[in-house]
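Colleague: I have the sequence and the coordinates open side by side, and I would like to go through them with you one question at a time. Please give me the reasoning before the value or name.

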Amino acid sequence: MGEKKRLDFKNKKKGEEEVEIEIQLSDRQKKELKQLLAECEDRDQRKQDFFMEQEWNERADCPCFFLLYKKEENRKRSLVCAVSAFIIEEEAELSAVTQAERRGEGLFSKLLDIACSVLAEHRIKQVSIRIKEENKIGRQILKHWGWRKGQTDCLMVLLPEQIEKLQQIQGYISQEPKRTIKYLKEDEITENWDKLVEVHASAFGYLQKESEWIVENYVSEGIKLWGYWAGDKIIGICFTMETEQDYFLSAVSIRKEEQQKGHGEWFLQKVLIELWKQRKGNVFLQVFRENNRAVRLYQKLGFSFKERLDTYYWEF
């Protein structure tokens, strides 16, 4: 991505409001943002999906953080709304958070307009954002500005008691000497790098370069990578991320030519049981709603729908 550098953008002030536009967050801004995210997570009872690190962005010259402050009665500034952009080449995926008690005041709409204007100036051609199904205000704002609705993703959850049921059949699924799964350490990832990337590319229909970038970012963030072998051939991978209470499962990949042979179900059963042995927490994953085959598999394993996220697009 090139050397990271911080550029000074002219802050926008209007009355009691001020917007800070940054390529990289300062320690002060990170602290303010983490506090805002924590407050919203506590209020909404869900983890906020928000990009905070410049390293996740491919464009080192493009602003990707937009912070809106308001002065309170004590005249101190308070961060009330934030938008961040995850940038790959000429596309940006936005994430946003607004202080719970200030939702409905038009802050998100105002900051979204500023963010899109700045991104357009830096040759970003398309932006997208995901909105929860119940977020009626967000939907109204995007429709008002002419954003088009795209795919719907579903957040699914598997409760510990459902994983325990899988544990009961572990003896059966373990009697497969030609099938093995393994959590890969750093040296093992390096040793099998090309094969792991190839599996991801084959499963999702990506170019090798695209999958290499995605897998590299997962690994660099310290997210666990699991490999699945049939005989001596790697045919599957997936990633697991842990919080204090929960697990998040992502990028479940089976080589295209090995799909619809029962490998995905066997692989996931083994990974879920391994997670259950470590700690009995909920397991979350996200899936495209119209991917009927994957949805049926997850439901078969005991996953249920928790919420739906619609993706909206804007092209400059």
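Colleague: Which residue in β13 does Arg 148 stand opposite?

Modeller: Please keep in mind throughout that this is a predicted model. β7 and β13 run antiparallel and are joined by eight bridges, and β7 covers residues 148-158 while β13 covers 304-315. Within that pairing, the residue opposite Arg 148 is Tyr 313.

Colleague: With which residue does Arg 148 form a salt bridge?

Modeller: Arg 148 is partly exposed, with a relative accessible area of 43%. Its salt-bridge partner lies in strand β13 while Arg 148 itself lies in strand β7, so the pair ties together parts that are 167 residues apart in sequence. The closest N and O atoms are 3.4 Å apart, and the partner is Glu 315.

Colleague: β7 also pairs with strand β12, so which residue there is the bridge partner of Leu 155?

Modeller: Strand β12 takes in residues 283-288 and runs antiparallel to β7, with six bridges joining the two. In β12, the partner of Leu 155 is Gln 286.

Colleague: Turning to α3, why can its buried residues be said to line one face of the helix?

Modeller: The buried residues of α3 are Gly 138, Arg 139, Ile 141 and Leu 142. An α-helix has 3.6 residues a turn, so residues three or four places apart point the same way. The face turned away from the buried side carries the exposed residues Lys 136, Gln 140, Lys 143 and His 144. Seen down the axis of α3, the buried residues line one face because they fall within an arc of 160°.

Colleague: What covers the buried residues of α3?

Modeller: The cover is made up of both helix and strand elements, and among them is α2, which also gives nine residues to the largest nonpolar core, the most of any element. Besides α2, the cover includes β6, β7 and β13.

Colleague: Arg 139 is a charged residue on the buried side, so with which side chain does it meet in a salt bridge?

Modeller: Side chains of opposite charge can pair when their charged atoms come close. Arg 139 counts as buried at 12% relative accessibility, and its partner counts as buried too, at 5%. The pair links helix α3 to strand β13 across 171 residues of the chain. With an N to O distance of 2.5 Å, the partner of Arg 139 is Asp 310.

Colleague: Which residues touch the most other members of the largest nonpolar core?

Modeller: This core has 43 residues, and the elements that give two or more residues to it include α1, α2, α3, β2 and β6. Trp 147 is in contact with residues far along the chain as well as with others, including Leu 94, Leu 112, Tyr 312 and Trp 314. The residues touching the most other members are Leu 33, Leu 94, Leu 119 and Trp 147.

Colleague: How many residues does the second, separate core have?

Modeller: Among the members of this second core are Leu 166, Leu 275, Val 283 and Phe 303. The second core has 29 residues.

Colleague: Is Cys 238 buried or exposed?

Modeller: Cys 238 is found in strand β10, residues 233-242. Leaving aside neighbours within four places in sequence, Cys 238 is in contact with residues including Leu 225, Trp 226, Ala 251 and Phe 267. At 0% relative accessibility, where the cut-off is under 20%, Cys 238 counts as buried.

Colleague: Ala 251 is one of those contacts, so what is its phi?

Modeller: Ala 251 lies in strand β11, residues 247-254, and is buried, with a relative accessible area of 16%. Gln 260, in the loop between β11 and α9, is likewise not a glycine and has a positive phi of about 60°, although Gln 260 is exposed at 67%. For Ala 251 the phi is positive, near 50°.

Colleague: In helix α9, with which residue does Lys 277 form a salt bridge?

Modeller: Lys 277 counts as partly exposed at 46% relative accessibility, and its partner is partly exposed at 24%. The two are separated by about one helical turn, being three residues apart in α9. The closest N and O atoms are 3.5 Å apart, and the partner of Lys 277 is Glu 274.

Note on methods
Residues are numbered from 1 along each chain as its sequence is written. This is a predicted model: local features need pLDDT of at least 70, side-chain atom pairs count only at pLDDT 80 or more; totals for chains, interfaces and linings use all residues. Side-chain values use heavy atoms; hydrogens and water are left out. A nonpolar core is a set of buried Ala, Val, Leu, Ile, Met, Phe, Trp, Tyr and Cys residues joined through side-chain atoms within 4.5 Å. Buried means under 20% relative accessible area, exposed over 50%, partly exposed in between (1.4 Å probe, protein chains only). Helices (H or I, at least four residues) and strands (E, at least two) are DSSP runs, numbered from the N terminus. Contact means heavy atoms within 4.5 Å. The arc is that of the directions from the helix axis to the C-beta atoms. A salt bridge is a side-chain nitrogen of Lys or Arg within 4 Å of a carboxyl oxygen of Asp or Glu. Two strands pair if DSSP finds at least two bridges between them.
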